[in-house]
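The following paragraphs lead through a structure, from a single residue outward to the contact between chains and then to strands and aromatic rings. Please keep the sequence and the model in view while reading.

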There are 2 protein chains.
Amino acid sequence: MLLEDVRNSAFDIGDLNQLKLDLNSTQPVDVGEYITQLPKQDRAIAFRLLNKHQAIDVFEYLPAEVQEEIINSLHDVQVAQIIEAMSPDERAELFDELPAGVVKRLLQELSPEERQATATILGYAEGTAGRVMTTEYVRLRDGLTVGEALSKIRRQDEDKETIYYAYVTDDNRTLMSVVSLRQLLFTFPEVLITDIASTRVIKVRTEMPQEEVAQIMKRYDLIAVPVVDREERLVGIVTIDDVVDILEEEATEDIQKLAGVSGGDEQPFSSPLVTLRKRLPWLFGVMLLYIGASSAIAPFQETIKMVPVLAVIMPLFSNTGGTVGIQTLTVTIRGLGVGELTPQDTFKILRKELQAGLGTAVALGLTMIMLSLIWAPPQERWVSLVAGTVMATNTLVAVTLGTLLPMGLKRLKLDPALVSGPLVTTMLDAIGFVIFLTLISTALHIFHLKA
Amino acid sequence: MLLEDVRNSAFDIGDLNQLKLDLNSTQPVDVGEYITQLPKQDRAIAFRLLNKHQAIDVFEYLPAEVQEEIINSLHDVQVAQIIEAMSPDERAELFDELPAGVVKRLLQELSPEERQATATILGYAEGTAGRVMTTEYVRLRDGLTVGEALSKIRRQDEDKETIYYAYVTDDNRTLMSVVSLRQLLFTFPEVLITDIASTRVIKVRTEMPQEEVAQIMKRYDLIAVPVVDREERLVGIVTIDDVVDILEEEATEDIQKLAGVSGGDEQPFSSPLVTLRKRLPWLFGVMLLYIGASSAIAPFQETIKMVPVLAVIMPLFSNTGGTVGIQTLTVTIRGLGVGELTPQDTFKILRKELQAGLGTAVALGLTMIMLSLIWAPPQERWVSLVAGTVMATNTLVAVTLGTLLPMGLKRLKLDPALVSGPLVTTMLDAIGFVIFLTLISTALHIFHLKA
């Protein structure tokens, strides 16, 4: 909250004492942002003004490249302290980004337990529950009383990511039940925890994709969910703060893929080269598709020459059909993304989309007829009837594709957002244009034969 | 988790005892979903199989229209029990949806405290912190010791939404500091809470928009945030489970507006009529814009007649330019949505987009030249140079509009997602076509003069 003050203070006029005070009394995330936006050469200086506790907290909020800079500028002892104090999931994330040599050196400096925790997490595939979990949770053995459990929790070091849930296991670490701190506080100390703990534990497997973990925690309003391995042994927990980030990331990915920005989320401040790399392939994809579409349109040049109003009608046609397709596509992909839809709903949704689509088709078809009547010179007015019919057909094709394409991909266990918006609009263009021009040239043909 | 079993069991074969067992041992959210998908006449029957505690929990997970059905089918005493036990924020949400007469009757049946809590929340505008907060939080007076605080927390009724944070106030309920249950547990009982509570409290005002509250809680990794009124008096808290829902809702709204689906989030299973109402206005908007665009294109019919390859080139042109515009627009709107961008960043982002845009412009321009060389008959090959140039220009216009339009709206404190994708593509089409056709017809004119 004090970020603005900090930003406008001290640094440039060299009053480091004031800056030190400010930085140590500001929220870590704000200090992290402040340090990140400093010129490169000032970042390490500012970081060294932090006291030990604040330094550890701030470090977790720095982007990977700034973390690496700081690591390179500090003494090994300081680095070791910070890395040791990080939570295992944050540490695993950092190690993912660092050069292998640096990671190896840092791993050696960790305490055996922390090294073990990091190795465990790094052993799971990226984007799974195992990778985003933390190993710092409260575990209780199943024979304890409530009083014993509470004093065990009180003796835990402060590192545990949440102490608000404790997980009860047997001798083999098999997850038996869960008990909340709230339940423990509201119960007499001599009661056995097994008498109050809930055995209906919602849990996830290490290999579950992170977005499914997030959906489960959202659905059941959980602050933390236990992660178990194939043998049902407890290996970690995923906490709500990670879930919030995962949900936002997934939403950003969906929204960007729909717009034709590929490969995960592009940050607004990504470099122009990253931006190009994420966007150009889609643009060339659109063009490539168009080569196909255009070779289908090219033979009709004669037709267009004879009825030039077509060149006025066709863009409207293409834009409106594309919009219908994207509307349906977006509602479907988002529904799949937030878990409101499953491939089992395909026909239910298709029916509803076709019902709404029929209304849309009639409305757009009639509008198209009116508009082309206005635009066309008298001898070309007959075109408007064809235009209206094709507009209506194209609308129905659009809602069908917008529903079936993502649903089909999901059923094949592929990412439904693979069919991005530009892809669908281009397909719709090609289909619509070819039908339209074929009909018109057929009509011309018949008409000329008659003339 | 047992939902599938429940679905396939009991109900149709009339084994209500088994169903009763199942429903009372299943997670409330799953039971809520099961009841919702039942035929109308069976919902109340299923609901009455729930024991009191489960009924209260399940009720909160039902959609508003099913809640209303249940209310109408139960005895007044049962309804009163359920409504009394709901958390005040959920209750306010329900009352929002119910007819005024029903709300009045229900309000009278509430206990004075619960009535007061509901009235407070309903007094704030929809979509603000005051409306999504709950009034069930733990408040401590500032003179207490840790031991006294803990036994006060133990005496709280189990209703409080979270007991993991306690808020310390003075006699006037002015928020002074916050202390976590964790801190209390880790401290000796005789210490004063004022000695360990943090006075750097992150708090929000009642009138803050809910999406800003969500962004703040996400930024600072909070499970709950206190809500204060203008006089800094504590009036409620917003908890993380609401934030997760708010963030998803906001993401859905952004994604749908970009696709031209208006008026908040359309559910996949909305009725076809709702679907039409949310989508048709955008389609007509697109068409309306096109009337403008087309009256600009219409005068060029002669030109198109003379150079029919234009009709092949123009759709490619339009689709590619539109895609570039939507890519930029999406990254900008999403950046604003998740709080990574502010209007202050406008020129920084515009510079970056133009740098990337220049690369895109060159790539697409050259491709356009090549493609139109292939498509055009020999006497029309000169068109390709114009097409390439206009393609490149249009790309730069696209990234500029995609950045400036949402940034400008945000600066004016309007919703940046008001400029949806279809709007931008249509604008780009109009601009591109007019430039293109003007250049071509000018060239034709000069060429013919020479000939």
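A:T426 is a residue of helix α22 (residues 421-450) of chain A, where helices (H or I, at least four residues) and strands (E, at least two) are DSSP runs numbered from the N terminus. Its relative accessibility is 2%, so A:T426 counts as buried; the term means under 20% relative accessible area, with exposed set at over 50% and partly exposed in between (1.4 Å probe, protein chains only). Apart from neighbours within four places in sequence, A:T426 is in contact with A:V286, A:L289, A:Y290 and B:N319, contact meaning heavy atoms within 4.5 Å. A:T426 and A:A293 are separated by 133 residues in sequence, yet their C-alpha atoms are 8.2 Å apart.

This is a predicted model, in which local features need pLDDT of at least 70 and side-chain atom pairs count only at pLDDT 80 or more, whereas totals for chains, interfaces and linings use all residues. Residues are numbered from 1 along each chain as its sequence is written, chains are lettered from A and ligands numbered from 1 in the order in which they are written, and side-chain values use heavy atoms, with hydrogens and water left out.

The contact with B:N319 leads on to the interface. Chain A and chain B each bring 115 residues to their contact. Between them they bury about 10,400 Å², 66% of it on carbon and sulfur atoms; buried area is the accessible area (1.4 Å probe) that two parts lose on being put together, summed over both. A:Y164, A:R182 and A:M287 supply 7% of the area that chain A buries against chain B, more than any other three residues.

Eight salt bridges are counted between chain A and chain B, each being a side-chain nitrogen of Lys or Arg within 4 Å of a carboxyl oxygen of Asp or Glu. A:E248 forms a salt bridge with B:K218, with the closest N and O atoms 2.7 Å apart. On the side of chain A that touches chain B, helix α19 (residues 309-337) of chain A gives the most, with 16 residues.

How is A:Y164 placed relative to B:Y164? Over all chains there are three aromatic pairs, that is, rings of Phe, Tyr and Trp (its six-membered ring) with centres within 6.5 Å; planes under 30 degrees apart count as stacked, over 60 as edge-to-face and the rest as tilted. The ring centres of A:Y164 and B:Y164 are 3.9 Å apart and the planes are at 10 degrees, so this pair is stacked. The pair crosses between chains, and in each chain Y164 lies in the loop between α12 (146-155) and β2. Both A:Y164 and B:Y164 are buried.

The loop of A:Y164 leads to β2 of chain A. Strand β2 (residues 165-169) of chain A pairs with β3(A) in the antiparallel sense over five bridges, two strands being paired if DSSP finds at least two bridges between them. Within this pairing, A:Y167 has A:V178 in β3(A) as its bridge partner. The two strands form a hairpin with five residues between them, and A:R173 in the turn has a positive phi of about 65 degrees. Five of the six residues of strand β3 (residues 175-180) of chain A are buried, so this strand is largely enclosed by the rest of the structure.
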